[in-house]
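Work through the exercises below with the sequence and the structure at hand. Try each task before reading its solution.

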Amino acid sequence: MFTEVKKNSQIFQDSDKTYYPEDEVQVSNIVKELYDKNSPIELVGTNTKNFIGNKTQCAERLSLSKISGIVEYLPEELYIKVKGNTPLEIVEKELEKNNQELAFEIVDFGFIKDGKSNKGTVAGYLSCNFAGSRRFKVGSVRDHILGFRGVNGKGDIIKSGGTVVKNVTGYDLSKLIAGAFGTLVALTEVTLKVLPKQKSCSTIVVYTEEKKLVNKLFEKISSSSSDVSGAVFIPEEPKNERYQYNKERVFKFNDLISNKSFLGIRVEGDKVSINEKIKALNQELELDKLTTTILDVHQSIPFWKKVNSLEIFNQTNNNLLRIVVPPSSSIKLIQNIENKFKYYIDWCGSLFWVEIPSTKNDKIKEIKKITQEIGGYLTIIKKSEEFDFEETIFTVNETRLLISEKIKKGFDPKRIFNPGKMYRGV
Amino acid sequence: MSELVLPKIDEATISKKEYIFKNLSKIINPENVLTHKDEIKPYETDALAAYTQTPLAVVMPENTSEVSNILKFCHKENVKVVPRGAGTGLSGGALPLNDAVLLSLGKFNKILEIDFENKCVVTQPGVTNLGITDAVKHKGFYYAPDPSSQLACSIGGNVAENSGGVHSLKYGTTTNNILGVEIVMMDGTICRVGGKTLDQEGYDLMGLICGSEGLLGVITEATVKILKNPQVVKAALIGFPTIEEGGNAASEIISSGIVPAGMEIMDKALIEATDNFSKAGYPRDAELLLIVELDGTVSEVDELLNQVSNICKKNNCSSLKLSKNEKERLSFWAGRKAAFPACGAMAPDYYCMDGSIPRGKLAEALLEIKNLSKKYNLPVANCFHAGDGNLHPLIMFDGSNKEELKRTEEFGAEILKTCVRLGGVITGEHGVGVEKRELMCEMFNDKDIQQQLDIKKSLDEKNLLNPGKVYPILRKCAEEGRVHVHRGEEKFPDLPRF
């Protein structure tokens, strides 16, 4: 079918019907062929998050894994430009040399899939737009994208944005690409905003099982001027052996009583300011009335890595939900899941990770309904094998779906890229 | 100014204007439909006052349903629509068209909900930027984006333009500070995106709308994030004997890992102009002045100020003052905020440019502009949002001298092209509008622009919403791209522009 492309550009196709272009011109050539032949294709990177979303009905795959490498890194300009499929690990290592980081914090889906760390690629991560624990302070993945290059569904090489923070030249297409699950553009280059790495960090751990108190503390933390950069609640529940991994195994630290429900509050900066912030928070949150411990920097860093690696749900065979709600309404959601399912709450009360056993698939619909009633949204990150009923992976209403179809048409009129990955018809 | 090419007037619309007026008066209160030339005159321009156009009519709906019905009607009758917020935009984004209905959101002026629990404010688009902060400041909160026109500019306009301000490096622009919007598409469809949650699922329509300059939808509601005031805010005022040393210091501050809340640069011409105008007490012997503002906890701010001082000393600063109290901090800013009116007092006219460049190219850009100033024999004063590389050169000239006007235009175009050559962009925060429309091809090739036009077409297939803006009509790089102020006759002359 693609002999012409192969002949002209020597693009390798393996026995799995996967193409491996080496640059954006080759990507463009392949997509032009696909466009002419109305043939859809699944875009893949390094397959770390391909279990998220609907299965695409494509006979062939286009791997962008060879389009990798750092293009330009200017620490003093606070940006790094990389080829789309550069592994995030490489980007992080490079930034580390200059004491910089990707401030949005990466959620490591490797543990869910294979039981070990694998953060995947820049393009793959951007396509999901799932920010880690620092989200409520510094913004999401989409807030850290300055520009991109890629190939649209017609095979045209396009670019948007640039390398500077202040830029209002034309539509901000970077935002659309973030969270589009590869349905709009095959990304070949991404420019990311980077920020100085915090000098140190500590985590205050508050032990409580009182959900109303947890909610109140989240509220006070988000109203504080002490610059809290992480606030997570990890409950000691449910007492149920069906879950393979328990939190005591994951959160094992000298200064953490891991068999209790606890709230972790992270502060960052130099040592003096960390102490200043801890002191202020002690007062603001009236922590002297509660049981607390402090994780120093050596425990704090791995603690937040564990929070962001979803290790607590290691290789789960159950359903895994990602739910985002307005923080003030989180108590309503808690009331519906507490003591029933394994869950934890990140983003200072906004983000819920919930595991639903395969025997209770029907509960998903109920939780989704409550989520929508309180103004939130729910994504089914992983479906259990027994998941056999009709339920959309993403939350979408009719109007948004209609507009999504139009946006898709604007980039990919013949629905070449990942058709149906997000919604039917998109 | 150069002659402006606008979309061809649709004679069919003009010929049925009475029918259009009649129907619009059925959709909304007839008192809110302005058609008499005296009534619509105030709407013939936005803050890019050099260009004027008379709209077909001005409509002032009072709720989302009315906006939807107006758009539905115009969509059906193929009538163009130009949305307008407070009209403070500097790039002509709200410039009316003779055959278009001007849709003013002026009556959408209420804050709908203040939600301290979720740290957000739900507001109608006509509320001013500062109005949001005013509504929450009693509890120690504020809305972060602070465009210089914040006293008058509307939040809907801020969303449409993705407005920034002096604190963008640390706190982002509008797109990073909104949680939700309600938009009405050209066919009348009402769509709510986001809400009180962080992020949203699916295509980020809010991110697309933000900065789309009124071409994709009409914003009828916004939910914006509010932040708690920092514990301490302090500033440093630093003079440098050369442009290079000051530019290098600014660059080194960022590369050392400091993220200032604001960092501003002024060159010698502007130091003198503003000091004469506002008596801010700036060091007049300096070639370049740097204002660095830091916020955070007490010890954090003191430590960072110490680091900033050391960097500046290492780069041979000629003067260094740290604010001892809030009054002194505000006095550091007084001159900077008077930059535009100070230039207005120095020459009959000035053009304000708006480009962005990489921070490390600050010194190179300033020296280039200095050379261009000699080449064109026109004085220029420069201010930068140095934290984010946003450059505002102010070219002073006499508009009554046609030859001088032409030279100014050429000078301005060369500055923006220099920005692109140095790795920057043609507009950092004023928007493209009609002003820099033809310069889009300096940054984008035909495929890039076509992609953007394809999105426009998919959401507004008849190209009725704010046509003739942002994208080149001529598809050639014209000698345009600045704000022209003649004898202080700027629209909103009282607004500080920085």
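Three exercises follow, all on a predicted model.

**Exercise 1.** Describe how helix 9 of chain B and helix 11 of chain B cross, and which residues meet there.

Solution. Start with the general rule: two packed helices are described by the angle and the distance between their axes. Here helix 9 of chain B covers residues 243-255 and helix 11 of chain B covers residues 298-314. Their axes come within 9 Å and cross at roughly 145°. The crossing is right-handed. Next, list the residues: Ala249(B), Glu252(B) and Ile253(B) of helix 9 meet Val308(B), Ile311(B) and Cys312(B) of helix 11. Sorted by class, this contact has five nonpolar, no polar and one charged residues.

**Exercise 2.** Find how many residues of chain B are in contact with chain A, and which element gives the largest share.

Solution. Two residues are in contact if their C-beta atoms, placed from the backbone, lie within 7 Å. With this cut-off, 75 residues of chain B touch 71 residues of chain A. Among the elements of chain B that give two or more residues to this side are helix 9 and helix 11. The largest share, eight residues, is that of helix 17 of chain B. By class, the side of chain B has 22 nonpolar, 37 polar and 16 charged residues.

**Exercise 3.** Work out how strand 4 of chain A and strand 5 of chain A are joined.

Solution. Strand 4 (residues 70-74) and strand 5 (residues 79-83) of chain A run antiparallel and are joined by four bridges. In one pairing, Tyr73(A) has Ile80(A) in strand 5 as its bridge partner. The two strands form a hairpin with four residues between them. In the turn, Leu78(A) has a positive phi of about 60°.

How values were computed
Residues are numbered from 1 along each chain as its sequence is written. Chains are lettered from A and ligands numbered from 1 in the order in which they are written. This is a predicted model: local features need pLDDT of at least 70, side-chain atom pairs count only at pLDDT 80 or more; totals for chains, interfaces and linings use all residues. Axes are lines fitted to C-alpha atoms, for helices over the stretch in contact, and angles run from 0 to 180 degrees between N-to-C directions. A crossing is left-handed if the near helix is turned anticlockwise from the far one by less than a right angle, and right-handed if clockwise. Ala, Val, Leu, Ile, Met, Phe, Trp, Tyr, Cys and Pro count as nonpolar, Asp, Glu, Lys and Arg as charged, and the others, Gly among them, as polar. Two strands pair if DSSP finds at least two bridges between them.
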